[in-house]
Each structure stands twice: as structure tokens, then as C-alpha cells.
Amino acid sequence: MSTVICLGEVLFDLLADQVGVEADEVRSWTALAGGAPANVACGLVKLGTAAQFIGCVGEDPPGQALAAKLQAQGVGLFGLQYHPTAPTRQVQVLRSIDGDRTFAGFGAVSTEQFADAYLDRIPEELFVDAQFLVLGTISLAYPHSRAATWAAVRLAQLHRVSIVVDVNWRPSFWPDSNVAVEVIKELLAVADFVKFAQEEALLLYQQTIPHQLRTLLPQAQGVIVSDGGNICRYSLWNQTGEIPAFQVSAVDTTGAGDAFVAAVVHQLCSGEQQAAQIICYAAAAGALTTLKPGAIDAQPTAAEIKAFLANN
């Protein structure tokens, strides 16, 4: 039924139409579908790898719109749930002059009251033929979705599905960010592949060298540490190295890291075993995603990545 399962949040990024201003100075917002696990699922399908999404949205127009968006992209929705009262998450995203983004909050709704916090059912049948389970860490921030995440981990272990964790540290999503570090590290201890941003590795382990991080994560076959538009370092199997980021004129960096993760998992699914090839391909996917606003619509196809690499 699926090659890759992506579990976690799907939401609307409310992207500020005005750049370089604070939230109270924004005059208008553009709603764009997002959420890291949903972005990865869409990125995988665009690259030619089948994906199923497990998550929860509200029984409201935004939830219906997001489901329609994922379905239109070709993502399987067998694991999508609808909460009868909790609203679908929407998050305000500010943009700097050079395209970097920051999360500005959730408006009048507190973070634990959105529908994705209430994910609770994990369909085992999705795991029978799956190769990978892709997880972020935002689902660990709330009791229901944390329990669901661990239920998915147990099913992945039962069915020999490899676990990929993209740390995706977002403190504003946590009701109590003081507990986050230990909760996240518990999940990383069972991951087969882990992708950190440099600041996430420092936060969790006070270390950014991938092969040294692997000594702290004995289950991991691979660790990747990215640094935005700078060097990406990796330790995959017995291969270590670093790849500089492609230099492009970024419009919006939203979803670039998710496109990177999708491209890594796509390469793993295809059987690619050259680590430098995997990271270079993923870096190209991330760079191309920054050239357009939003996350899902900006993601590249395999043909676009191939053309980009041929010219760079």
C-alpha cells in the first residue's frame, strides 16, 4: 500500500506578504499548505516514490482543503483522521529580506488545542509493505500524538520498517519546551537515520560532527547535519564527508529542509548507496525549493533536480 509513511502535522503556513516586518506590522497573509511530514510526503511523490500520510486535521474548511491538497499531490490518505471539534493548525510565518523565515505564533488558539495534537489511531496495514517511516518531533509535544508516534515506532520495528527522524525543532509548538530535549532524545535512540540542523545537534548533544553523533545514537546507520545555506556534513554507513550548499537567490526557505529529507529518503528507496550522491541530490532539492514561495508547490520534480545538477 505504501513505500514511505510520513507521520505528523499538516497545516497552513500563513506567509506574511510583507517581508522584513514584525507580526503586528503584517497587513496581509497568504495561506500555503505545509507541515514538515506532509511536505516530505508530497516531496516524495513528486520525485516518484509512493507515500502515505498519517495525521489529524479538523472537520473544518482548512482541514478539508489540506486533505484535498494532499490528495491532489498523489499522497495516500488512509491514515488521515478528522477531529470533530479541534481546529486545523495554522501558523504565522514571517519572512526576512533574504528569504529566511521565523514562526510568529498561532493567533488566538493555544498550541495544544489544534487537531494534530489529537492524533491517536495508527493503521497497522500501512506498515506491511512500507520501507521507511518518516517522523518529525512536533508530534512528541502533545500526549495523544506522542503516544501515536510511539505506536507507529513499535509497528515499524515489528514490520522491519526503517525509521527516519528529522528533528525539526520548533519550541513554539511545545506547551513545555523544558521537557522537549529528553523526549526527543528518546525517539532518536531508535532511529535508523537522523537529520539535524546544526543548531539542533548542538541543543541536543552539544556536538555537530556526524560520525561522533553516531556514537551517541547506536541504532543510526546515518546522521546528516545541515547548516542552512552552508556546508552539509554526513556520516552514512561507512562513508563520511561534507557537501557545500548550492548558492541560489532564495525567495522563501519554507520547506527547503523537508524537500532535502524527501530527496534523501527517495534516494534510499531507490537503492542508492553512494552517500555523496545522496546528499548532493538532496541539496539540489532543497535549493530549488527556496526559489518559490511556500513549501509543497515549490518542491522540485526529479527532472528539475536532474537539470539543475547538470548545470551546477
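## A tour of the predicted model

Begin by selecting Phe-193, which is buried in this predicted model, with a relative accessible area of 7%; because the cut-off for the word "buried" is a value under 20%, Phe-193 falls within that class.

**Stop 1: a ring pair between two strands**

A search of the whole structure for aromatic pairs finds eight of them. In one of these, Phe-193 is paired with Phe-132, and the two rings are tilted, with 6.3 Å from centre to centre and 55° between the planes. If you now colour strand S8 (residues 132–135) and strand S10 (residues 193–197), you will find Phe-132 in S8 and Phe-193 in S10, so that this pair links distant parts of the chain, 61 residues apart. Is Phe-132, the partner, buried or exposed? Phe-132 has a relative accessible area of 6% and is therefore buried.

**Stop 2: a second ring pair**

Select Phe-246 and Phe-308 next, and turn the view until you can see both rings: their centres are 5.0 Å apart and their planes stand at 80°, which makes the pair edge-to-face. This pair also links distant parts of the chain, since Phe-246 is in the loop between strand S13 (239–244) and helix H7 (256–269), whereas Phe-308, 62 residues away, is in helix H9 (residues 302–311). Phe-246 counts as buried, at 17% relative accessibility, and Phe-308 counts as buried too, at 12%.

**Stop 3: a cluster, and charges over rings**

Show the side chains of Phe-103, Phe-106, Phe-114 and Phe-173, which ring pairs join into a cluster. While Phe-106 is on the screen, add Arg-89, which lies over the face of that ring, at 5.1 Å from the ring centre. Elsewhere, Lys-195 lies over the face of Phe-260, at 5.8 Å from the centre of that ring.

**Stop 4: helices H4 and H5**

Move to helix H5 (residues 198–205), and pick out Glu-200, Ala-201, Leu-204 and Tyr-205, which are buried. When you look down the axis of H5, these buried residues fall within an arc of 100°, and so they line one face of the helix. An α-helix has 3.6 residues in each turn, so residues three or four places apart point the same way. What do the buried residues of H5 pack against? They pack against helix H4 (180–188), S10 and helix H6 (210–216). Just past the end of H5 comes Gln-206, whose phi is positive, near 55°.

In H4, the residues to select are Ala-180, Val-183, Ile-184, Leu-187 and Leu-188, which are its buried ones. Around the axis they cover an arc of only 140°, which puts them on the same side of H4. Among the elements that cover the buried residues of H4 are S8, helix H3 (143–158), strand S9, S10 and H5.

**Stop 5: the largest pocket**

Switch to a surface view and look for the largest pocket, which holds about 1,200 Å³ of space. The largest pocket is lined by 50 residues, and those closest to its centre are Arg-101, Gly-228, Thr-253, Ala-256 and Gly-257. Several elements each supply at least two residues of its lining, including strand S2 (11–16), helix H1 (36–47), strand S7 (101–105), helix H8 (275–289), and also S10, H5, S13 and H7.

**Stop 6: three places in loops**

Select Asn-168, which you will find in the loop between strand S9 (162–166) and H4. Its phi is near 50°, a positive value in a residue other than glycine, and Asn-168 is buried, with a relative accessible area of 9%.

Which residue in the loop between strand S12 (231–236) and S13 should you choose next? Choose Trp-237, which lies in that loop and which has a positive phi of about 55° although it is not a glycine. At 27% relative accessibility, Trp-237 counts as partly exposed.

End the tour at Gly-229, whose place is in the loop between strand S11 (222–226) and S12, and which counts as partly exposed at 42% relative accessibility. If its neighbours within four places in sequence are left aside, Gly-229 is in contact with Ala-245 and Gln-247. As a last exercise with the distance tool, join the C-alpha atoms of Gly-229 and Ile-305, which are 76 residues apart along the chain and are separated by 17 Å.

Technical notes:
Residues numbered from 1 in each chain as written. Predicted model: local features only at pLDDT ≥ 70, side-chain atom pairs only at ≥ 80, totals over all residues. Heavy atoms only, no water. Phe/Tyr/Trp six-rings, centres within 6.5 Å; stacked < 30°, edge-to-face > 60°. Helix = DSSP H or I, 4+ residues; strand = E, 2+ residues; numbered from the N terminus. Buried < 20%, exposed > 50% of the residue type's maximum accessible area, 1.4 Å probe, protein only. Lys NZ or Arg CZ within 6 Å of the ring centre and 35° of its normal. Arc of directions from axis to C-beta. Contact = heavy atoms within 4.5 Å. 1 Å grid on protein atoms, 1.4 Å probe; cavity = no way out; pocket = protein on both sides within 12 Å on 5 of 7 lines; lining within 4 Å. Points joined across faces, edges and corners; volume = space filled by probe spheres on them.
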